[in-house]
Amino acid sequence: MPGKTRNHISQNEALLFEMSSPGKKGYQLPDLDVPAVDPVAALGAANTRDEITDFPEVSEVEVIRHFTRLSTWNYGIDLGLFPLGSCTMKYNPRVNETVARTEGLAWAHPYQPESLSQGALKVVVELENALAEITGMDAVTLQPAAGAHGELTGVQLIRALLESRGNPRKKIIIPDSAHGTNPATAALAGYAVENIKSNGKGLVDVEALAKIVNEDTAALMVTNPNTIGVFEEDIVKVTSLMHSKGALVYMDGANMNALVGITRPGDFGIDVMHLNLHKTFSTPHGGGGPGAGAVAVKAHLEPFLPIPRVVRAGDLLKLDFNRPQSIGRVRAFLGNYGVLIRALAYIMAHGGPGLRNATLDALLNANYIRKALEPHYDMPYTSPSMHECVFSDDRQAAKGVKTTDIAKRLIDYGFHPYTVAFPLIVHGALMIEPTETESKPELDAFIEAMIAIAGEIDKDPQFVLKAPHHTRTPRVDETTAARKPILRWKPPTAVNKAAD
Amino acid sequence: MLATLGLDSIERLYAHLPQEVLLNRPLNIAPGKSEYEIIDWFRARGEENAVGYACFLGAGAYYHYRPVMCDVVVSRGEFLTSYTPYQAEMAQGTLTTIFEFQTMICQLTGMDVANASMYDGSSAIPEGAMMAMRVTGRHKVLVARTVHPEYREVLATYSKYQGVPVEEVAYDAASGKLDLDDLAAKLDTQTAAIIIQSPNFFGCLEDTAKIAALAHAKGALLVFSFTEAVSLGLLEPPRDADIVVGELQSFAHPPSYGGPYAGIIATKEKFMRQLPGRLVGETKDANGNRAFCLTLSTREQHIRREKATSNICTNQALIALMATVYLSVYGKEGLRELALQNLSKAHYLADGLPLRFSGAFFNEFVVKADSPEAVNDALLKEKIVGGLPLGKYYPELSGCLLLCATEMSKREHMDKVKGAIA
């Protein structure tokens, strides 16, 4: 067994539906303290359902074992380094989970009177203020539920501002290194997408940009540091250029973990940006959410922010709905509130100096990995790395082994893979972001694994092509899954049963 | 580590940044606090809210008991601290639970396929509308005025920037249900979908089958939504709908001042490839054993970019897992019994009160009150948060309160509410 791993028993587990048995139950409701109502009499026979066919019936012990066994088939930050580039998989402090369950906050109803919501609203104000300070922006909305939702909100804000100036314009320029959500968002907000090719350094090409920006350009969507982990060295020129043409600059804040406490987007000309609170601010990814996509803006976009806004009226905080220029709501209520609590707890635990230290450690860890792996993997763009480094599989591909295969072999060494085959400007990309969370021993183990895999590819590429070798589940046939989609469990048919 | 990099100070790591962009002062954020201080600060904020009150608010956020098991499972680091399961070989746990979730949503809604989750019920509405436009190739949407007002506001924001005309369909002033005549008048051959909610914002059940028939006769789709997921335990599922969207907060998540919740979107098999968001499918691994993976990703933004069905990426996986645990704990019998308790409590609360509408209701209903605010003020003195005054959302209902009772509503508190209104 390689790296930090050794075999242990992994249990099989059926689906809930397969272990179900009539009459089993895992709940106990209190006795009803009011008369029972006959549903057919109250709702009508046509509105009342029969039993839910094939719905699970299992005991409490079966429930806990089921989900515990399934959990052991997973990998999380709690188990080790999770170097997904641009995903910022940092430690999720457990105090965040505790405070999110504070009774008066977790059980607060969004429509309870404002006089009885002052604590809840204070959390919103504190977080908005902290994020404005960190980004150098003037105002923040916490309503968007995730990064892509924040992007959409941000682009809608741009459109609303331009419309108020008389012309919403037609297109948004997006570098070819951008996350897929950027073009998808621009399209969703009714804009045409114009891609711009990165220059030889993998950065925004200012001269090429100058040629395509015109009166039809609403905005540039830029990620900084960009997706190869490099700070856009011409960012001030870029933002000035856009502004000189009456266009705005949106910043995808997915990589904000590289900047906190060092530099502020508001200070280099960004008009509007989102933050992924589930990246930079440590709220757990939870297997794919919930996140939160706070959007920070400069003052000229503030009148357009989603309603309601939390405002101070004397000694009390209240919700202000009277904002005639607002784009409206992007989500019901105030957003993913429980995620906001967690992010604020992270900021409080670090404080200003601690946030900056976290950034420095994130830069140090990424550069330490880069230095150690550069002799073994090709690096097409060699500008200084910030919080992540991007290699290509060119050298390994010559032996027939691609970034996906290296990733699968890395699993055998006890690590989650890096981000595979992204950004698109790097052929066969390996995008590695360790975050500040990792200690030197964990980084060294990862480096050792990556070097060992490079050696394996030299000696026996076929072996790596069949990885992973030590997981309970070897390679999964994704092609068949897409060709013949089975998206839900169904009971075996009588014929199939007989065949069993 | 610095020495390995040949650096004499950690600040050298960003020495290449343009000088003019550097922040030359400390962030104006107080120094770090201890775990105890942080917990204490949030406890104090909680106590500034309504702690120890009985509450009869619903309207899209419901008080339901949360079985202990839900937090136990989602607190496991293997679920909590994992990423979106792109690497199937080390994410079979998450993938299996999502497959179970998709199955349960189908069983509850009567649909064939469901995705891995949406942000919440409100943002699922425009996603449902856009999906209907892709399916029909039409470019106009009708929405019932009985759909949650904030959901309709979210739809308005999305549609405004896509130039999609959205028209509202009136409700019948007596029954509190969608006005079928108004719907028939507004449906035309350009209508992509009619969006309804049932139980609707007033708590009343809509005539889903009749609405579906009217829509289908004009080639439009029915997008059915719900805010109170517990109702699915008892109510006939919307089998006539083409797309079902909804909010799952009732399944294990506390109201939490509005989020994080989890939305769903489900549909018929023939529309599967127009679904937004993530889907988990069954397949086999190299040993021939059953395994699961994310699938049909050519619909999604990371592959299709500006041609994707949606820009959604991170969704609400952990909340969906919580709902899956919740549904496993209650199971087939429990969900029905739970729904029956909600029905019984709400009808006890409503009994003898001046109901505004005649439509059948599940666990929410509208009552008339000369001054809803005075009723609520009186109740607050008894440590009860009353109902939602409707005048803000429906000026014609300014003398009305929306009340909700769940299995957590106690008879003694309900008697006080009845006393304050009657």
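**Entry 1: a pair of partners.** I began with A:Ile173, whose bridge partner in β4(A) is A:Leu220. A reminder to myself before going on: this is a predicted model. I then looked up the strand that pairs with β4(A) here, and found β2 of chain A, residues 171–175, running parallel to β4(A) and joined to it by three bridges.

**Entry 2: the other neighbour.** Next I asked which strand pairs with β4(A) over five bridges. My answer was β5 of chain A, residues 248–252, again in the parallel sense. For one example of a facing pair, I noted A:Thr223, which stands opposite A:Asp252 in β5(A).

**Entry 3: the connection.** I wanted to know what helix α10 of chain A, residues 235–244, does alongside these strands. Together, β4(A), α10 and β5(A) make a β-α-β unit, and I wrote down its hand as right-handed.

**Entry 4: cover.** Is β4(A) mostly covered or mostly open? I looked up residues 217–223 and found seven of the seven buried, so I put the strand down as mostly covered, given that buried means under 20% relative accessible area.

**Entry 5: cis peptide bonds.** I turned to the backbone and looked at A:Pro308 in chain A. The bond leading from A:Ile307 to A:Pro308 is cis, and I noted an omega near -5°. I placed A:Pro308 in the loop between β7 (295–297) and β8 (309–313) of chain A.

In chain B, I found a cis peptide bond between B:Ser198 and B:Pro199, with omega at about -10°. Where does B:Pro199 lie? I traced it to the loop between β5 (191–197) and α9 (208–217) of chain B.

**Entry 6: positive phi.** I looked up two alanines next. A:Ala421 is not a glycine, yet its phi is positive, at about 60°. I found A:Ala421 in the loop between β11 (419–420) and β12 (429–432) of chain A. I also checked how open this residue is: its relative accessibility is 38%, so I count A:Ala421 as partly exposed.

The other alanine is B:Ala59, where phi is near 60°, again a positive value in a residue other than glycine. Its place is the loop between β1 (54–55) and α3 (68–74) of chain B. Is B:Ala59 buried or exposed? I read a relative accessible area of 3%, so B:Ala59 goes into my notes as buried.

**Entry 7: where to look again.** For a second visit, I would start at β4(A), with β2(A) joined to it by three bridges and β5(A) paired with it over five.

How values were computed:
Residues are numbered from 1 along each chain as its sequence is written. Chains are lettered from A and ligands numbered from 1 in the order in which they are written. This is a predicted model: local features need pLDDT of at least 70, side-chain atom pairs count only at pLDDT 80 or more; totals for chains, interfaces and linings use all residues. Side-chain values use heavy atoms; hydrogens and water are left out. Buried means under 20% relative accessible area, exposed over 50%, partly exposed in between (1.4 Å probe, protein chains only). Helices (H or I, at least four residues) and strands (E, at least two) are DSSP runs, numbered from the N terminus. Two strands pair if DSSP finds at least two bridges between them. A crossover is right-handed if, with the strands pointing away from the viewer, the path from the first strand over the helix to the second runs clockwise.
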